Amino acid sequence: MELDEMKLAWQQVSQKLDVLQSGYTQLRLDMDKATAARPLRRTGGLIWYEAASNALMVVLLGIFVAQEHLARYVAPALILMVASIALFAMSMAQVRALLQVDLSDSVVVIQQKLERLYLLRLRTAKITVLLVCLLWVPLAIVLARVISGFDLYSFGSAWMVTNVALGIVAIPVLWTLARGLYGLENLAL
């Protein structure tokens, strides 16, 4: 075998090795993406559940408002409806971000899309905590009316003021707990 034949044989073996290496790299990347798809499906299911729950809340509050004739019950229901519509819109933004994640994209593009989705979910969680703390009194008023017909207004304004104040105090406490549990030290409220 002459030197030129050896060079040609070496180039052929080198090309075959490059093809095999490229195939192996692609296979490994596909396996990594398949592994990543499982938690993404779980997150997707949770996002769809949240969207459906918020849509159901809007519908149920709409039915309550249509059937209730006293303004003192309609007003808190309308406040809750506005909050539910906002949460539904945020859920749909998450659905849109989720649907944009394509596992056939490059890893960097997938990571960028997942980061956007993570930030949307984080923002939604922060707003939900705020809304829960601030709007639980109207929720209690509407739920008491729906479930038992009980009038929470009968406790007087001191009850409402106290509970709203407790809700406001709960915001920094819950935020501090969330930061500690989820490692969100660098995120501002």
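Start by selecting arginine 121 and glutamate 50, whose side chains meet in a salt bridge, with N and O 3.2 Å apart. A salt bridge here is a side-chain nitrogen of Lys or Arg within 4 Å of a carboxyl oxygen of Asp or Glu. This is a predicted model, in which local features need pLDDT of at least 70 and side-chain atom pairs count only at pLDDT 80 or more, while totals for chains, interfaces and linings use all residues. Residues are numbered from 1 along each chain as its sequence is written, and side-chain values use heavy atoms, with hydrogens and water left out.

The pair links distant parts of the chain: arginine 121 belongs to helix α3 (residues 107-147) and glutamate 50 to helix α1 (residues 3-67), 71 residues apart. Helices are DSSP runs of H or I with at least four residues, strands are runs of E with at least two, and both are numbered from the N terminus. Now look at glutamate 50 alone: it is partly exposed, with a relative accessible area of 23%. Buried means under 20% relative accessible area, exposed over 50%, and partly exposed in between, using a 1.4 Å probe and protein chains only.

**The whole chain**

Zoom out and colour by secondary structure. The chain has four helices and zero strands, and from the N terminus the order is α-α-α-α. Of its 189 residues, 26% count as buried. Switch on the surface: the chain exposes about 12,800 Å², and carbon and sulfur atoms supply 69% of that area. Accessible areas come from the Shrake-Rupley method with a 1.4 Å probe, and for residues only the protein chains shown count as cover.

Contact means heavy atoms within 4.5 Å. Among contacts between residues at least 6 apart in sequence, 68% join residues at least 24 apart.

**Further salt bridges**

How many salt bridges does the structure hold? There are four.

Select glutamate 68 and arginine 145 next. They form a salt bridge in which the closest N and O atoms are 3.2 Å apart. Glutamate 68 lies in the loop between α1 and α2 (71-99) and arginine 145 in helix α3, so the pair ties together parts that are 77 residues apart in sequence. Is glutamate 68 buried or exposed? Glutamate 68 is buried, at a relative accessible area of 13%. Arginine 145 is partly exposed, at 26%.

Then select aspartate 105 and lysine 113, whose side chains meet in a salt bridge at 3.0 Å, N to O. Aspartate 105 is partly exposed, with a relative accessible area of 21%, and lysine 113 counts as buried at 17%.

**Leucine 80**

Move to helix α2 and select leucine 80. Leucine 80 is buried, with a relative accessible area of 9%. Which residues is leucine 80 in contact with, leaving aside neighbours within four places in sequence? Select Leu61, Leu135, Pro138, Leu139 and Val142 to see them. For a distance check, draw a line from the C-alpha atom of leucine 80 to that of valine 58: the two residues are 22 apart along the chain, and the atoms are separated by 8.4 Å.

**The pockets**

Keep leucine 80 selected and add Met57, Leu60, Leu61, Ile63, Phe64, Gln67, Glu68, Leu139, Val142, Leu143 and Val146; together they line the second largest pocket. α1 and α3 are the elements that give two or more residues to this lining, and α1 has the largest share, six residues. The lining divides into ten nonpolar residues, one polar and one charged. Ala, Val, Leu, Ile, Met, Phe, Trp, Tyr, Cys and Pro count as nonpolar, Asp, Glu, Lys and Arg as charged, and the others, Gly among them, as polar.

For the largest pocket, centre the view on Thr124, Ala125, Thr128, Val129 and Val132, the closest to its centre of the 29 lining residues. Which helix gives the most to this lining? α3 does, with 13 residues. α1, α2, α3 and α4 (157-182) each supply at least two residues. The lining of the largest pocket has 19 nonpolar residues, seven polar and three charged.

**Last stop: methionine 160**

Finally, select methionine 160 in helix α4. Not counting residues up to four places away in sequence, methionine 160 touches Val137, Ile141 and Tyr153. Methionine 160 and isoleucine 141 are 19 residues apart in sequence and 9.9 Å apart in space, C-alpha to C-alpha.

Technical notes:
On a 1 Å grid over the protein atoms alone, a cavity is a set of points where a 1.4 Å probe fits but cannot get out, and a pocket is an open set with protein on both sides within 12 Å along at least five of seven lines; lining residues have an atom within 4 Å of a point.
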